[in-house]
Amino acid sequence: TTAVLVGVGLAAVGFGGRLAMNLGKRLKDTPLKVNLPNLPLPKFDFNTYYKGGFDEKMSRREAGLILGVSPFADKTRIQAAHKRIMILNHPDRGGSPYIASRINEAKDLLDKNP
């Protein structure tokens, strides 16, 4: 009797698994169609970079925006940010000489003024 119950249980598991596999194949092949109402989605700007151009005379605020640090950051943060940005924008690696000069100017301005 125990062997019969084990056999019936294994058969049920086998048939259930086969049924699940067939349903999975059918669901995979049919696209899911959901009718959602047209709700206005909020517009988020996930870009953290400054989108404006350069000022004629650089200010501490603009220097901080260029380097991605606070205008009142300490020298170690300024130097680390300068190094990170110059690695990406160095003229010897295909970067713009103008952009590199503005990055250097921003570092000098933030290093010079307390």
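# A guided tour, starting at His82

Select His82 and you land in helix α3, which covers residues 75-89. Keep in mind that this is a predicted model. Is His82 buried or exposed? Its relative accessibility is 14%, and buried means under 20%, so His82 counts as buried. Now show the neighbours of His82. Leaving aside residues up to four places away in sequence, His82 touches Leu67, Ile103, Asn104 and Lys107. Two of these names, Leu67 and Lys107, return later, where α2 meets α4.

**Stay in α3: Ala80**

Move to Ala80, also in helix α3. Ala80 has a relative accessible area of 46%, so it is partly exposed. Draw a distance from the C-alpha atom of Ala80 to that of Leu67. The viewer should give 9.4 Å, for two residues that are 13 residues apart along the chain.

**Zoom out: the whole chain**

Colour by secondary structure. What does the protein chain contain? There are four helices and zero strands. Read from the N terminus on, the elements run α-α-α-α. The chain has 114 residues, and 20% of them count as buried. Turn on contacts next, keeping those between residues at least 6 apart in sequence. Of these contacts, 51% join residues at least 24 apart.

**Select residues 2-29: helix α1**

This is helix α1, with 28 residues. From its first C-alpha to its last, α1 reaches 41 Å. That is close to the 40 Å expected at 1.5 Å a residue. How many of the residues of α1 are buried? The number is zero, so α1 lies largely in the open.

**Select residues 60-67: helix α2**

Helix α2 spans residues 60-67. Is α2 enclosed or in the open? Six of its eight residues are buried, so the rest of the structure largely encloses α2. Highlight the buried ones: Arg60, Glu62, Ala63, Gly64, Ile66 and Leu67. They pack against α3 and α4. Step just past the end of α2 to Gly68. There the backbone takes a positive phi of about 75 degrees.

**Add residues 97-112: helix α4**

Helix α4 covers residues 97-112. Show α2 and α4 together. Where do their axes run? They come within 9 Å and cross at roughly 125 degrees. The two helices are therefore oblique to each other. Their crossing is left-handed.

Now show side chains where the two helices meet. On the α2 side, pick Arg60, Glu62, Ala63, Gly64, Ile66 and Leu67. On the α4 side, pick Arg102, Ile103, Ala106, Lys107, Leu109 and Leu110. Among the α4 residues, Ile103 and Lys107 also touch His82, the starting point of this tour.

**Hunt the salt bridges**

How many salt bridges does a search of the whole structure find? The search finds three.

Begin at Arg102. Its salt bridge with Glu62 has its closest N and O atoms 3.8 Å apart. This pair links distant parts of the chain, with Arg102 in helix α4, Glu62 in helix α2 and their positions 40 residues apart. Arg102 is buried, and Glu62 is buried as well. For Arg102 the relative accessibility is 7%, so it counts as buried.

Keep Arg102 selected and add Glu105. These two also form a salt bridge, with the closest N and O atoms 3.4 Å apart. Why can they reach each other along the helix? They are three residues apart in α4, which means a separation of about one helical turn. In general, an α-helix has 3.6 residues a turn, so residues three or four places apart point the same way. Glu105 has 33% relative accessibility, so it counts as partly exposed. Show Glu62, Arg102 and Glu105 at once: they are linked in a network of salt bridges.

**Last stop: Asp111 and Lys107**

Slide along α4 to Asp111 and Lys107. Their side chains meet in a salt bridge, at 3.3 Å from N to O. Asp111 and Lys107 are four residues apart in helix α4, so about one helical turn separates them. Are they buried or exposed? Asp111 is buried, and so is Lys107. From Lys107 you can step back to His82, which touches it.

Definitions and conventions: Residues numbered from 1 in each chain as written. Predicted model: local features only at pLDDT ≥ 70, side-chain atom pairs only at ≥ 80, totals over all residues. Heavy atoms only, no water. Salt bridge = Lys/Arg side-chain N within 4 Å of Asp/Glu carboxyl O. Buried < 20%, exposed > 50% of the residue type's maximum accessible area, 1.4 Å probe, protein only. Contact = heavy atoms within 4.5 Å. Expected span 1.5 Å × (residues − 1). Axes fitted to C-alpha atoms, helices over the stretch in contact; angles between N-to-C directions. Parallel < 35°, antiparallel > 145°, perpendicular 65-115°, else oblique. Left-handed = near helix turned anticlockwise from the far one by under 90°.
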